[in-house]
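Please find below a colleague's note on the structure shown here. The points are meant for a reader who has not met this structure before.

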Amino acid sequence: MKPEWTTYIDILHREVVPAIGCTEPVAVALAAAKAAETLGVEPDSMDVLVSGNLLKNGMGVGVPGTGERGLKIAAAAGALGGKSEAMLEVLKDITPMQAVFARTMVVDGKVRVNVADTDDLIYCEVTVHKGEDSARVILRDKHTGIVHVERNGEVLMHIDANANAADDAAEWPLTMAGIHEFATAAPFESISFILEAARMNEAVAREGLAGEYGLGVGRNIEENIRCEILGDTIVNEAMKLSTAATDARMHGVNMPVMSNSGSGNQGLTCTMPVVACAHRLGSDEEQLAHALIMSHLVSIHIKHGLGRLSALCGATVAGTASACGVVLLLGGGLREIGMTVNNMVGSIAGMICDGAKNGCALKVASAVSTGLQSAFLAMKGHSITGSEGIVDDDVELTIRNLGTLGSNGMRETDRVILRTMVDKGCPHAKRGGNAA
């Protein structure tokens, strides 16, 4: 294999990982679990500080194993039943009794959540207390990025923020051309690991169709197909599976999904449209693996310019990426993939992220449907041109423009979204205030 392909595989192993539950409350649970482990005993109370973006994505989503929503229960569950070595699967072994104790801790007012005075997109600081003893853990920049651990004021571990900044400043190795070459030419045995994403995420989709979760978007699509209100098409099959998995995940199903760039919904949206199309097209496992590699790497590439959390909905990024994977299944090449990206950026790139919640399934439906239409247009040679909007004839510049829009241009949008959520009665106070 080419030397750079090893880097691509390393990136995939780092960014495409199992996660149970929405990764923002899970990040809080992870920090709480590490703090409780450092304390060495079950805490009596805890204080949690989070960035605005972490708060936004943790307000309205179910926490696995608890039957509850929000950051308070996530923190309590992590402290009482989490295992930090499991990382984004920190809550996988929580017991019903631990969940009861966690709910009691929240009801008794022993978990206090406030907004941190920070500009970091991902920031969580958890301090747990037991009598005169305490332990503090800080998580920053990544959903698993624990950078500081202390007990009773003694620092046990600290990673300087400048070290992370230096890593981020390193030259980015991915390009659309490089991704396409790797996705189409890499030996099957070197990329077959990505099929675990298909297995894992399809299992959650099937659970979403079998049970009553969230808004039931996937089940509704299935019923409408059965009643012939919707056609039994490849697009509707892709939407059905993708949204059913999102329904279950946002509801708090205690099953792992294969995430992408720290987001379970992005992992689902990168995976399920490709799986659905592979089923309908009769693609074999090797063809599916190449298409999934294309999808997941494109999502990582686009997300790199946007940041892990932004005012732009990550489902649109993943919907763009999965459409690129579908282009491979349809026999298209790099030209059609670039056209697909341009079609997506020129259409639904402005969809906002107003927090993780049941309604995310509808956004996934929009992203998947538009992604496939963009791919089908590209396969016919039709594309939004570089003279329109933020699209450029050079797909790398289109991606850069999207990143600039999301990371810089929509900062005030992000602040307005958070203020709106707080002002309408979401259970947390303004920055620096006390949680309700």
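The numbered points that follow take up strand pairing and then two surface patches.

1. The coordinates come from a predicted model, and the remarks below should be read in that light.

2. Strand E2 covers residues 45–50 and pairs with strand E6, residues 123–130. The two run antiparallel and are joined by 6 bridges. Within this pairing, Asp47 lies opposite Thr127 in E6.

3. E2 also pairs with strand E5, residues 111–115. Here the sense is parallel, and 5 bridges are found. Leu49 stands opposite Asn114 in E5. E2 is thus a partner of E6 in the antiparallel sense and of E5 in the parallel sense.

4. A nonpolar patch on the surface is formed by Met97, Val100 and Phe101. Together these residues have about 270 Å² of accessible area. Phe101 belongs to helix H5, which spans residues 96–107. Phe101 counts as partly exposed because its relative accessible area is 42%, a value between the limits of 20% and 50%.

5. Glu189, Asp284, Glu285 and Glu286 make up a negative patch on the surface. Asp284 is located in the loop between helix H12 (264–281) and helix H13 (285–306).

6. Is Asp284 buried or exposed? Asp284 is partly exposed, because its relative accessibility is 43%: buried would require under 20%, and exposed over 50%.

Notes: Residues are numbered from 1 along each chain as its sequence is written. This is a predicted model: local features need pLDDT of at least 70, side-chain atom pairs count only at pLDDT 80 or more; totals for chains, interfaces and linings use all residues. Side-chain values use heavy atoms; hydrogens and water are left out. Patches are made of residues with over 30% relative accessible area and no salt bridge: like charges are joined within 9 Å, nonpolar side chains (Val, Leu, Ile, Met, Phe, Trp, Tyr) within 5 Å. Accessible areas come from the Shrake-Rupley method with a 1.4 Å probe; for residues, only the protein chains shown count as cover. A salt bridge is a side-chain nitrogen of Lys or Arg within 4 Å of a carboxyl oxygen of Asp or Glu. Helices (H or I, at least four residues) and strands (E, at least two) are DSSP runs, numbered from the N terminus. Buried means under 20% relative accessible area, exposed over 50%, partly exposed in between (1.4 Å probe, protein chains only). Lys and Arg count as positive and Asp and Glu as negative; His and the chain ends are not counted. The place of a charge is taken as NZ of Lys, CZ of Arg, CG of Asp or CD of Glu. Two strands pair if DSSP finds at least two bridges between them.
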